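Please look over the model below. The report covers its surface, its helices, its cores and its charged pairs.

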Amino acid sequence: MSFLKELCYIRKSDRRVILFLLTAIAGIVLVFHFLGSDRPTTSSPTTDTLSWKNAGTGKHRSQRVITYDEGQPVSVHLAVFDPNTADSTTLLQLGLSPWQVRSIYRYRAKGGIFRKPSDFAKLYGLTVKQYRELLPYIRISDDYRPAATLYGNRVETQQRKDSLPYRQKLKSGERIALNLADTTALMKVPGIGSYWAKQITGYRQRLGGFYRATQLAELDGFPTDALPYFEVKDGECHRLNINRLSLNELKRHPYIGFFRAKAITDYRRLKGNLKSLSDLKLHKAFTPDVIERLEHYVTF
């Protein structure tokens, strides 16, 4: 009432402005009220937006929006897949939920790798029933296997090659030609595997052949029990002309080396060509046992 009394004392022009504003406000309120009540109410379906890749090319495609209506069944299509490369469409068709697919994408984005089918069982929210249904269809590419497993397979293969059955080994009294046998033939000798076979052929090449089987004992750690299975014939060694070869060529022979090669070239430079190794017997590097070994490998 006090408001109405005060309103009566307001000037007539002011009262008109106030009444106009009140009427306008009331009209606006009514308009919004009726318009809001006429707007239909709809329930928006659940959507999930997933960015996916083409598994064949690795190129990103445009975002794909997949809509799931409430209560609508999703058809499941089981097929072979690799969890490291499968796209969202494939994963959803396997019966996985959108949030499970997002978990897979986040795991892969952080550098995670499914190295074996059992790793897929660690997917958050995956039930035992789902895992058993999907297990026969999981195929992990060899590119995602640890490199150590490949090395381990090579080692096992090599060990199988080295572990030849006893019936393939030489029997007591049997022999092979030491200067002619390849690595396969050498591995038939008891106690000789691929390692020692390669050591024998390498040393044979550097020497120019063996003049007796006991030279194999010069290899550090060589199994001397294998020596009786080798035979060597005379004249099988390659000989070096020490009057024509340079210092670098001479020093490559295991029985000569740098200092003896230098002594030979110095003698040739000062006194001419050597006629025999006896010409070097006064040099301290050419002891009688050295000269005896070199006799089988040099010519003049």
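Is Phe20 buried or exposed? Phe20 counts as exposed, because its relative accessibility is 60% and the cut-off for that class is over 50%. Note that this is a predicted model.

**A surface patch**

Phe20 is found in helix H2, which covers residues 12–38. Phe20 does not stand alone: with Val17 and Leu21 it forms a nonpolar patch on the surface. Together these three residues have about 320 Å² of accessible area.

**Nonpolar cores**

The interior comes next. The largest nonpolar core has 44 residues. Val189, Ile192, Ile200, Leu216, Phe222, Phe230 and Phe286 have the most contacts inside it. Helix H8 (194–207), H10 and helix H11 (288–294) are the elements that give two or more residues to this core. H8 provides the largest share, five residues.

What does Phe230 touch, leaving aside residues up to four places away in sequence? Its partners are Arg175, Ile176, Leu178, Leu186, Val189, Ile200, Ala213, Leu216 and Phe222. Among them, Val189, Ile200, Leu216 and Phe222 are also listed with the most contacts inside the core.

A second core is separate from this one and has 16 residues. It includes Ala86, Leu92, Leu96 and Ile104.

**Helix H10**

H10 runs through residues 257–271, 15 residues in total. From first C-alpha to last, the helix reaches 21 Å. That is close to the 21 Å expected at 1.5 Å a residue. Gly272 follows H10, and its phi is positive, near 100 degrees.

Which residues of H10 are buried? They are Gly257, Ala261, Ala263, Ile264, Thr265, Tyr267 and Arg268. These buried residues pack against helix H9 (247–250). As noted above, H10 is also one of the elements that give two or more residues to the largest core.

H10 carries charged pairs as well. Lys262 and Asp266 meet through their side chains in a salt bridge. Why are these two about one helical turn apart? Because they are four residues apart in H10. Asp266 has another partner: its side chain meets that of Arg269 in a salt bridge. Asp266 and Arg269 both lie in H10, three residues apart, again about one turn.

The accessibility of the three residues can be set out in turn. Lys262 counts as partly exposed, because its relative accessibility is 37%. Asp266 is partly exposed too, with a relative accessible area of 23%. Arg269 is exposed, with a relative accessible area of 60%.

**Salt bridges**

How many salt bridges does the model hold? The count comes to four. Three of the pairs are tabulated here.

| Pair | N to O distance |
|---|---|
| Asp119 and Lys122 | 4.0 Å |
| Lys262 and Asp266 | 3.1 Å |
| Asp266 and Arg269 | 3.3 Å |

Outside H10, consider the pair of Asp119 and Lys122, whose side chains meet in a salt bridge. Are its members buried or exposed? Asp119 counts as buried, because its relative accessibility is 11% and the limit is under 20%. Lys122 counts as exposed at 67% relative accessibility. This bridge therefore joins a buried Asp119 to an exposed Lys122. Salt bridges that share partners join Lys116, Asp119 and Lys122 into one network.

Key. Residues are numbered from 1 along each chain as its sequence is written. This is a predicted model: local features need pLDDT of at least 70, side-chain atom pairs count only at pLDDT 80 or more; totals for chains, interfaces and linings use all residues. Side-chain values use heavy atoms; hydrogens and water are left out. The expected span of a helix is 1.5 Å times one less than its number of residues. Buried means under 20% relative accessible area, exposed over 50%, partly exposed in between (1.4 Å probe, protein chains only). Contact means heavy atoms within 4.5 Å. A nonpolar core is a set of buried Ala, Val, Leu, Ile, Met, Phe, Trp, Tyr and Cys residues joined through side-chain atoms within 4.5 Å. Patches are made of residues with over 30% relative accessible area and no salt bridge: like charges are joined within 9 Å, nonpolar side chains (Val, Leu, Ile, Met, Phe, Trp, Tyr) within 5 Å. Accessible areas come from the Shrake-Rupley method with a 1.4 Å probe; for residues, only the protein chains shown count as cover.
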